[in-house]
Amino acid sequence: THYLISKGHRRIAFIKGHPSHLSVNERARGFFDALNEAGIICPSELIESGLNTYESGRDCAKRLLNLKERPTAIFAANDEMAAGVIKIAQQNKLNVPRDISVVGFDDTPMTKMISPPLSTINQPLGLMGEESAKNLIAQLEDSDKEQNIIMNSTLVIRDSVSDINK
C-alpha cells in the first residue's frame, strides 16, 4: 500500500481474502494503516471481499472496474485474486499498469508467468514452515515453550504498477 501511495495512487481498492484465512485481518489492517498514515480515506465502495480464488478476484474486479469513479490501483490480498483482476481489466480493454495498477500478496510462482508480471509481497514461506515445525516440536517436548517469531515480508516490484506522479 505504501508503494502504491508512493507512485501517486490515492484511490486504491482492496480485495480482502477469505474470512477463514488466518492472515486476512492482518493484511487488511496493514492496508488501512498505510492509508491512514497518508491521510487517505477509503470509501467502502473500494473494499471487496474475495475468497482467495481467481474466480472471486474476477468477480470483485468486475464490480470495482464498473464503478462510476474507478480506482487507480487494486491491491488484492493474494496473487490468485490479483491475477483475476488483471484478466478482467484486460477483457475490458484496460492496460495494466497504464490504466489500472495491480498488486498481489504471496509471490507465488505464477506472478512471473502472467502478463504483465505481478508486483507482489513475498513471504518467506519455507522459513515460516520450518520455524512452525520447530515451534511445534519444542511445544511437544516442553509445553511451556511457545515462541512468537516475526518474519519480514518484502515487496517484489515487477511490471503491474504505474507511477501516476509523472
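**Exercise 1. The sheet**

Work out the strand order of the open sheet and name the strands at its edges.

*Solution.* Start with the order: four strands form an open sheet, arranged β2-β1-β3-β4, and the pairing is parallel. Next, look for strands that pair on one side only; these are β2 (47-49) and β4 (101-103), the edge strands. Then check the twist: on average, neighbouring strands of this sheet are turned by 15° against each other, direction ignored. Please keep in mind throughout that this is a predicted model.

**Exercise 2. Bridges from strand to strand**

Find how many bridges join β1 to β2, β1 to β3 and β3 to β4, and locate the partners of Phe14.

*Solution.* Take the pairs one at a time.

- β1 and β2 run parallel and are joined by three bridges. Here Phe14 stands opposite Ile47 in β2.
- β1 and β3 also pair in the parallel sense, over four bridges. On this side the bridge partner of Phe14 is Phe75 in β3.
- Strand β3 (residues 73-76) pairs with β4 in the parallel sense over three bridges. Ile74 has Val102 in β4 as its bridge partner.

**Exercise 3. Helix α2 and the crossover**

Describe where helix α2 lies, and give the hand of the β-α-β crossover from β1 to β2.

*Solution.* First place the helix: α2 (residues 24-37) lies across β1 (12-16), β2 and β3. Its direction is about 170° to that of β1. Now look at how well β1 is covered: four of its five residues are buried, so the strand counts as mostly covered. Finally, follow the chain from β1 through α2 to β2; this crossover is right-handed.

**Exercise 4. The aromatic cluster**

Identify the residues of the aromatic cluster and describe the geometry of two of the aromatic pairs.

*Solution.* Begin with the count: the structure holds three aromatic pairs. One of them is Phe14 with Phe75, an edge-to-face pair with 5.8 Å centre to centre and 85° between the planes. Phe14 belongs to strand β1 and Phe75 to strand β3, so this pair ties together parts that are 61 residues apart in sequence. Both rings belong to buried residues: Phe14 has 1% relative accessibility, and Phe75 has a relative accessible area of 6%.

Another pair is Phe31 with Phe32, edge-to-face as well, at 5.2 Å centre to centre with 75° between the planes. Phe31 is buried at 1% relative accessibility, whereas Phe32 is partly exposed at 32%. Putting the residues together, Phe14, Phe31, Phe32 and Phe75 form one aromatic cluster.

**Exercise 5. Two cysteines**

Explain why Cys60 is not bonded to Cys42.

*Solution.* The count of disulfides in the structure is zero. For Cys42, the nearest cysteine sulfur is that of Cys60, 13 Å away. A disulfide needs the two sulfur atoms within 2.5 Å, so the sulfur of Cys60, with its closest cysteine sulfur at 13 Å in Cys42, is too far for a bond. Are these cysteines buried or exposed? Cys42 is buried, with a relative accessible area of 19%, and Cys60 is buried too, at 0%.

**Exercise 6. Backbone details in the loops**

Locate the cis peptide bonds before Pro97 and Pro116, and then the positive phi angles of Lys93 and Asp106.

*Solution.* Go through the cis bonds, then the phi angles.

- Val96 and Pro97 are joined by a cis peptide bond with omega of about 15°. Pro97 sits in the loop between α4 (79-91) and β4.
- Ser115 and Pro116 are likewise joined by a cis peptide bond, with omega of about 0°. Pro116 is in the loop between β4 and β5 (120-122).
- Lys93 is not a glycine, yet its phi is positive, about 60°. This residue is in the loop between α4 and β4, and it is exposed, with a relative accessible area of 73%.
- Asp106 is not a glycine either, and its phi is about 125°. It is in the loop between β4 and β5 and is buried, with a relative accessible area of 17%.

**Exercise 7. A loop lysine**

Place Lys68 in the fold and find how far its C-alpha atom is from that of Leu35.

*Solution.* Lys68 is in the loop between α3 (54-65) and β3. Its relative accessible area of 90% makes it exposed. Its C-alpha atom and that of Leu35 are separated by 22 Å, and the two residues are 33 residues apart along the chain.

Methods. Residues are numbered from 1 along each chain as its sequence is written. This is a predicted model: local features need pLDDT of at least 70, side-chain atom pairs count only at pLDDT 80 or more; totals for chains, interfaces and linings use all residues. Side-chain values use heavy atoms; hydrogens and water are left out. Buried means under 20% relative accessible area, exposed over 50%, partly exposed in between (1.4 Å probe, protein chains only). Two strands pair if DSSP finds at least two bridges between them. Helices (H or I, at least four residues) and strands (E, at least two) are DSSP runs, numbered from the N terminus. Axes are lines fitted to C-alpha atoms, for helices over the stretch in contact, and angles run from 0 to 180 degrees between N-to-C directions. Contact means heavy atoms within 4.5 Å. Rings of Phe, Tyr and Trp (its six-membered ring) pair if their centres lie within 6.5 Å; planes under 30 degrees apart count as stacked, over 60 as edge-to-face and the rest as tilted. A crossover is right-handed if, with the strands pointing away from the viewer, the path from the first strand over the helix to the second runs clockwise.
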